[in-house]
Amino acid sequence: MGRGEAMYKKKLRGMYISKKALKHHFDPRKAPWNTYLLCELQWGKTGRPWIHWVKNDPNRYHAEVYFLQKIFQMRRSNNYVNCSITWYLSRSPCATCCCEILDFLNKHSNVNIDIYVAQLYNIKNEENCQGLRNLVSLAKVTIAVMEIEDYIYCWKNFIQGDADDDSWTEDFQSEITKNRLKLKEVLETS
């Protein structure tokens with residue numbers, strides 16, 4: 001891997017996300033192209049969760065698939081210890097990613113995933129909606145719209161250093177409410 005490629009990869013993943021990226025990509029009023037995934041990975045019930053973030057590379061992979069195929073495998077403990085994964089996604093998973101998540105969970109019976117989304121990705125596409133319904137049909141998956149407290153949590157835990165800025169979520173509530181109702185409708189439609 002060349003120096004330029006290594007520098008490029010650093011911008012696609014890491015432990016802490018920039019304040020600018022979090023503010024821009026997780027704003028529920030906007031629809032940025034890139035998907036960001038903030039993750040907490042907890043093996044067992046004790047210890048501090050491992051945190052990481054990944055951004056999609058539209059020409060190579062989606063953030064969710066990259067996490068499952070690369071990051072999870074690197075951090076894997078053993079198949080007998082329960083693993084809880086919490087994802088904060090800037091956009092809900094597409095149909096393809098939903099299938100990948102289902103396949104992953106079928107292979108890893110000790111893993112559960114809680115997914116919180118800032119925006120709903122292309123829910124006019126029935127395949128995306130069906131993918132979300134298929135995910136929540138598994139007892140080990142929950143999907144919800146990010147609430148204000150989730151944004152505050154991400155701000156405090158995925159930003160490095162002094163990250164005080166309570167004002168960035170001021171105008172989010174109406175869009176959060178709309179997204180929550182849209183997600184409820186998607187998940188209840190059969």
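This is a short tour of a predicted model, moving from a central strand to a buried acid, a turn of backbone and the salt bridges.

**Stop 1: strand β2**

Start by selecting residues 36-43, which form strand β2. Of its 8 residues, 8 are buried. Colour the two faces separately: Tyr36, Leu38, Glu40 and Gln42 sit on one side, with Leu37, Cys39, Leu41 and Trp43 on the other, and both faces are covered.

Now bring in the partners. Strand β3, residues 50-55, runs antiparallel to β2 and is joined to it by 6 bridges. To check the register, pick Tyr36 and look across to Lys55 in β3. Then follow the hairpin of β2 and β3, where 6 residues lie between the strands, and stop at Gly44, whose phi is positive, near 70°.

Strand β4, residues 83-91, is also antiparallel to β2, this time with 7 bridges. Here a handy marker is Gln42, whose bridge partner in β4 is Ser84.

**Stop 2: Leu38**

Stay in β2 and select Leu38. Is Leu38 buried or exposed? Leu38 counts as buried because its relative accessibility is 0%. Show the residues around Leu38 and you will find contacts with Ile17, Leu22, Phe26, His52, Trp53, Thr86, Trp87, Tyr88, Cys154 and Phe158, leaving aside neighbours within four places in sequence. For a distance to draw, try the C-alpha atoms of Leu38 and Ile17: they are 8.3 Å apart, while the two residues are 21 apart along the chain.

**Stop 3: Glu64**

Next, select Glu64 in helix α3, which covers residues 63-75. Glu64 is buried yet has no salt bridge. Which side chain of opposite charge is nearest to Glu64? That is Arg91, 7.5 Å away. Beyond four places in sequence, Glu64 touches Thr35, Leu37, Trp87, Leu89, Arg91, Ser92, Pro93 and Cys97. Leu37 takes you back to β2, on the face with Cys39, Leu41 and Trp43.

**Stop 4: Asn122**

Move on to the loop between β5 (111-119) and α5 (126-136), and pick Asn122. Check the backbone here: Asn122 has a positive phi of about 40° although it is not a glycine. With 37% relative accessibility, Asn122 counts as partly exposed.

**Stop 5: the salt bridges**

Side chains of opposite charge can pair when their charged atoms come close. How many salt bridges does a search of the whole structure find? There are 5.

Select Glu126 and Arg133, whose closest N and O atoms are 2.2 Å apart in a salt bridge. Glu126 is partly exposed, with a relative accessible area of 46%, whereas Arg133 is buried at 9%.

Glu147 pairs with Arg180, with closest N and O atoms 2.8 Å apart. Glu147 sits in the loop between β6 (141-145) and α6 (148-158) and Arg180 in helix α7 (residues 173-188), so this pair ties together parts 33 residues apart in sequence. Glu147 counts as buried at 19% relative accessibility, just inside the cut-off of under 20%; Arg180 is partly exposed at 35%.

Stay in helix α7 for Glu175 and Lys178, which are 3 residues apart, about one turn of the helix. Their salt bridge has closest N and O atoms 3.8 Å apart. Glu175 is buried, with a relative accessible area of 16%, and Lys178 is partly exposed at 45%.

Finish by selecting Asp27, Arg29 and Asp171, which are linked in a network of salt bridges.

How values were computed:
Residues are numbered from 1 along each chain as its sequence is written. This is a predicted model: local features need pLDDT of at least 70, side-chain atom pairs count only at pLDDT 80 or more; totals for chains, interfaces and linings use all residues. Side-chain values use heavy atoms; hydrogens and water are left out. Helices (H or I, at least four residues) and strands (E, at least two) are DSSP runs, numbered from the N terminus. Buried means under 20% relative accessible area, exposed over 50%, partly exposed in between (1.4 Å probe, protein chains only). Lys and Arg count as positive and Asp and Glu as negative; His and the chain ends are not counted. A salt bridge is a side-chain nitrogen of Lys or Arg within 4 Å of a carboxyl oxygen of Asp or Glu. Contact means heavy atoms within 4.5 Å. Two strands pair if DSSP finds at least two bridges between them.
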